[in-house]
Every structure is written in C-alpha cells, then in structure tokens.
Amino acid sequence: MTVEETRQKILDSDEFVLSEIRKLQYLRSLKQVIRNNLHRVESIETESVAEHIFGLNILARYFLPLEDPEQTLDQANIFSIITWHDMDEIESGDFVPWEKTDTIKAKQNEEFATAMNNAPEHLRTEITSAFNAYEHLDSAEARFVKAIDKIDPFIEEYNENGKKLRIQQPATPEMLAIDKKIAYTRNFPCIHRFLQFFHEAYQAEGFYVYSDDKLIK
Amino acid sequence: MTDNTMTMEEVRQQILESDEFVLSEVEKLKYAYGLKHEIRYEQTRTAEHPNESVAEHIYGIHVLAQYFLPLEDAENEMDVVKVMQMITWHDIDELETGDMLGQFKTDADRARGNAVIPIAISKLPGSLQHSVETLMQEFIEQKTREATFVKAADKIEAAFEIFNESYKTIFELNKTTLEHHNRTKYPYLDDFPYMRRFVDVITTEMVAAEYFIQE
C-alpha cells in the first residue's frame, strides 16, 4: 500500500483505522516489558510520562509520512520537542485535563525554570527552545507534536485496561477537553480522523460518562 | 533561565579531566530520568523493587543521545533523524521475546532475538514496515556510525538507571558482578570517548559503594 492509499483508507474506513490502532498498541506494549529480570504487577496498568514520550515517538513515525508526504517538517526538531515538551512535569507531576486550572498553568513557567537549573548546561538552549515552541505552538513542528500528544491518551486507553481506568475515573467529553483536541488536530487530516474515530467509539462503547449518576455501560 | 556559559570544547575538556564534573552531569541527566517516575492519569505505581520498562529505557536513550551527540559528533556528521528513529525501534524484538538481562544473554539468545524481528515487523502498521526493517538491518550490522552510536548509548543507559542506592537489592537478586557490568558496556565504547568516560566514573563510584557482588 502506498502512502496515498494508506491515507485514503484511514479517511474512508473505520475498520482500517481500528486495525492500525491495534498495531500501534502492539508497538506500545514495550511499556509492559520490564527490564532487569523484574516484573511489574498492577491491577490497572499505569503509564509514566517517559512511557508517554516513547508513545509519541511511535505516533510521530507513523503519522509523519501521512501528514507530511513532501517532508517539509524538520524531523530532528520534532523529536527534540517530543523528548523535552513535558520537562516541567519533573517538578509539577502530571495533571489530567480537568485538573489543569489557570493556577496550575501559571506555575508551569516557574517549574520549567527549576527544571532548567537542574539540566545539563549544554542542553538548556535546546530544551528551552523545544519547550517554548510547544507552549506557544509557533511552528508547524510544534503543532504536529501537539496533535499527536492529544490523541496519544486515546491510543493508550482504548482497550480493556483503559475501560477499567475510565470506570475508576469517570470522565465526560468536556472533562477530556474534546473540543480543544479537535482544534489541535483539525489541520492534520489523518490524526483528526483517528480522533473522530475515538470520540465515536468512546460514546458507543461506554468510555465516557455523561453525568455523575449515569454511567453508560 | 541561564544561557550556556561553557563552550562545547570546554564541556568536552571538563568531562575528560574532572570526575567531579562528570558526576554532576550524571546527576543532571538522572534528573531528566525523573519522568520515568511521574505517573499519568492520577495513578500511582508502587513496587517492591525499582523497575523500568523497555519503553522507559528507550526514553532514557533519547535523553542520552541528545546529550552525547554534540560531544561525540563535533562535526555534525551523523544523521540525527536516523539516530532518533533507530533508538525508537532498536528493541522491537523484545515485543516477542521479552527483555533479557545482558549478563545472561548468550549468542543463541541474540540469534533468537534477531530471528523474531520479522515477526514483530509483520505486526506493525504496513506503512512502517519497510523503514523499520531497513533501520533494524543497519542496527544489527553495526557498520555505520549511527548504529554504533545507538548501540553504545543503549549499553550505557543502564549505568545511569542503576546508579542508584535503591538498585542495590537488584544487584543482589541478579548476582551482578563487576565483570558482568564491564562486559556488557566497554566493548561498545571504543569509538565514543565521552560515553566511555562517564561509564569509567560511574563504575568507580559503584565499586566504592559496593554495588557489585563479589565473584
């Protein structure tokens, strides 16, 4: 299948999108392969920010040929933004979308400054450039990374483990900031198509709740 | 936010001359490793022993690659995009085989790992298969500078991860000796003096702190 044929199938076929999702999830199962002769036993499989960054590297490799067949985007810059875009979370920890209040967002620059004081000196310019590009979305590369960052949680969650998480942590489409995700992915037709697929599947299969007392199974 | 005050040449010199500088750089790189312990979706992760997934290891190699590329490739001759792609894919055989500790790995294990790569690739999205196959072939052959750099970064990543008091119990569990440690790292570092220097300093510290099991 050519890149153009793949793009067309993504846009035309739910079945094809689903099969691609499962293949991407297969790649991500390196999150469950544990090193050093050890095991990780969890009732709900967790994901670290480092594992999320690994997941974004996979999504970047998958979507770049589809969204940028002319190879106009600076791929080295994309990989740099992916690696560094969550550096503030070393200080703040991770927040789910509905927790990201204006207060928390306001502290982000302060936390990033602390992170930079702890980073190797010769990397600070690159990390700062990557982080700021991602925060301000002032480049096509940053907007691409933002788009894949927005669908990554769906790829992570769209399975039995994710359903257990959603039961433990019920969320509405508004809490998951679907409107914002739609805005960030709109200019990337294939990424946007995946988001649409997930939104519809979440509605149909009970991943969303629609009110505090009505869990759709 | 401070701008760089040292030139790259000064950084290189400090690395080669000062154990203290290397150790402070190790701590800064391990700080970036903190994202391995920030858990998403309001979940917590508790474990009897510290543990790391292959995905987290790959993140660690990305961090180290960004750090060491300007040091080891002063002339910017390496294809950075290829390096980053190779890092992401280099352990795809472990999707089928699981991870095996380097000190236990035999040539037969390595051959088995290589043999299952086509199986793993066949399960990838079709649009990725050819590029991943090409990159994996280059990585296995270990003839290009990019491949040997990724291999070296792969081997030293563990040194940063395990250079941590909480890993001492793992050394006991796995009966890891200094010989195991040296054998799984140094053969890959001949052409990378800065990575080698970091392993030298970390190893000296670990010996002094009695990480290794006596042979």
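Accessible areas here come from the Shrake-Rupley method with a 1.4 Å probe.

**Figure 1. Chain A of this predicted model, taken as a whole.** Rolling that probe over chain A gives an accessible surface of about 9,400 Å², and 48% of this belongs to carbon and sulfur atoms. Of its 217 residues, 58% count as buried. Along the principal axes, the C-alpha trace of chain A spans about 50 × 45 × 45 Å. The radius of gyration is 18 Å, which agrees with the value near 17 Å that a compact globule of 217 residues would have. As for charge, chain A carries 25 positive and 39 negative side chains, yet the centres of the two sets sit just 3 Å apart.

**Figure 2. How the elements of chain A are laid out.** Chain A has eleven helices and two strands. Read from the N terminus, the order is α-α-α-α-α-α-α-α-α-α-α-β-β, so to speak a run of helices with the strands at the end. Take the contacts in chain A with a separation of 6 or more: 74% of them join residues 24 or more positions apart.

**Figure 3. Helix α1 of chain A and its buried residues.** This helix covers residues 3-12, and its buried residues are A:T6, A:R7 and A:I10. Looking down the axis of α1(A), these fall within an arc of 100 degrees, so they line one face of the helix. The spacing fits a familiar rule: an α-helix has 3.6 residues a turn, so residues three or four places apart point the same way. And what sits over those buried residues? The cover includes α2 (14-28), α3 (49-67) and α11 (189-205) of chain A, and chain B chips in with α7 (126-141).

**Figure 4. B:V54, a buried residue in contact with both chains.** B:V54 is found in helix α3 of chain B. With a relative accessibility of 0%, B:V54 counts as buried. Which residues does B:V54 touch, once its neighbours within four places in sequence are left aside? From chain A there are A:L30, A:V33 and A:R35, and from chain B there are B:D91, B:E94 and B:D99. B:L101 is 47 residues away from B:V54 along the chain, with 12 Å between their C-alpha atoms.

**Figure 5. Two positive phi values in chain B, at B:Y41 and B:K175.** Most residues other than glycine have a negative phi. B:Y41 goes the other way, with phi near 60 degrees, and so does B:K175, with phi near 55 degrees. Both are loop residues: B:Y41 lies between α2 (19-32) and α3 (54-72) of chain B, and B:K175 between α9 (168-174) and α10. Buried or exposed? For B:Y41 the relative accessible area is 9%, which makes this tyrosine buried. B:K175 has 56% and is exposed.

**Figure 6. B:Y186 in its loop in chain B.** The loop in question runs between α10 (178-183) and α11 (193-208) of chain B. B:Y186 has 16% relative accessibility and counts as buried, since the cut-off for buried is under 20%. Leaving aside neighbours within four places in sequence, the contacts of B:Y186 are B:R196, B:V199, B:D200 and B:T203. B:R40 is another matter: 146 residues from B:Y186 along the chain, with the two C-alpha atoms separated by 36 Å.

Key. Residues numbered from 1 in each chain as written. Chains lettered and ligands numbered in written order. Predicted model: local features only at pLDDT ≥ 70, side-chain atom pairs only at ≥ 80, totals over all residues. Heavy atoms only, no water. Buried < 20%, exposed > 50% of the residue type's maximum accessible area, 1.4 Å probe, protein only. Helix = DSSP H or I, 4+ residues; strand = E, 2+ residues; numbered from the N terminus. Arc of directions from axis to C-beta. Contact = heavy atoms within 4.5 Å. Rg over C-alpha atoms; globule rule 2.2 N^0.38 Å. Lys, Arg positive; Asp, Glu negative; His and termini not counted. Charge placed at Lys NZ, Arg CZ, Asp CG, Glu CD.
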